[in-house]
Amino acid sequence: MKDVQPMVTRQEQREQRREEILRAALRLFVRKGYAGTKVGDIAEAVGMSAGLMFHYFDSKEALYEELIGLGVSGPMAMMGEGAEGGAIAFFEGAAAGVLGYLREEPFMADMFVLMGNALMDEAIPEGARTLLAGLDVHTPTAEIVRRGQREGTIREGDPVALSIAFWCAIQGIAEELALNPDMPCPDSAWIVDIVRKR
């Protein structure tokens, strides 16, 4: 008897295709930059015509803005989760979660590179710049650091500077893994040690 494969609905097919386009576009935006990436490059990478790609995204700008929106929403959701509970638990969870994703999903490493590049790129669309204005991990992280300093679990030091050290370590690891996916990923505890009181 043959294995019966579940039917994939049109909506599921469309979502799979959108994800393929997003992944291909992300890779190209990271490698070529926003201005250097053409719609035709993205369409070619997923094996479709540029005209067909416009059935999934209205424009290159809309595609880029969706990626930037994903890049902003993930970290900001993590910040909301850090509002409760112990400070050191937040840093342990954040480091383990992000580094775990980096090990399992190359898309995540590329997303970190895209976001770092976007923050420096003056040629990105205005809509993407507006979305980026909502990305602020340091203000809430500094508050978590202050809480941890009061709890006695986070080392003394400027809370914003400690936030920068923590997140920039993760950013650097992500960039290295995007460039060299076969490199070993550091242990998350090493990153937490940046802020942990000894």
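**Close-up 1. Here's the lining of the largest pocket in this predicted model.** Count around the walls and you get 30 lining residues. G71, G74, P75, F112 and W167 are the ones that lie nearest the centre of this pocket. As for volume, the largest pocket comes to about 940 Å³. Four helices, α4 (60-81), α5 (87-104), α6 (106-120) and α9 (159-179), each give at least two residues to the lining. What sort of residues line the largest pocket: nonpolar, polar or charged? The split is 19 nonpolar, eight polar and three charged.

**Close-up 2. Next up is the second largest pocket, with its 14 lining residues.** Look for L102, P106, A109, L177 and P181, which lie nearest its centre. The space in the second largest pocket is about 150 Å³. Helices α5, α6 and α9 each chip in at least two lining residues here. Sorting the lining of the second largest pocket by type gives nine nonpolar residues, five charged ones and no polar ones.

**Close-up 3. This view shows helix α1 (residues 10-36) packing with α6.** Two packed helices are described by the angle between their axes and the distance between the axes. For α1 and α6, the angle is about 50° and the axes are 9 Å apart. The two helices are therefore oblique to each other. The crossing of α1 past α6 is left-handed. On the α1 side, the contact is made by L22, R23, L26, R27, F29, V30 and R31, and α6 answers with F107, D110, M111, V113, L114 and N117. Between them, these contact residues divide into eight nonpolar, four charged and one polar.

Methods:
Residues numbered from 1 in each chain as written. Predicted model: local features only at pLDDT ≥ 70, side-chain atom pairs only at ≥ 80, totals over all residues. Heavy atoms only, no water. 1 Å grid on protein atoms, 1.4 Å probe; cavity = no way out; pocket = protein on both sides within 12 Å on 5 of 7 lines; lining within 4 Å. Points joined across faces, edges and corners; volume = space filled by probe spheres on them. Nonpolar A, V, L, I, M, F, W, Y, C, P; charged D, E, K, R; others polar. Axes fitted to C-alpha atoms, helices over the stretch in contact; angles between N-to-C directions. Parallel < 35°, antiparallel > 145°, perpendicular 65-115°, else oblique. Left-handed = near helix turned anticlockwise from the far one by under 90°. Contact = heavy atoms within 4.5 Å.
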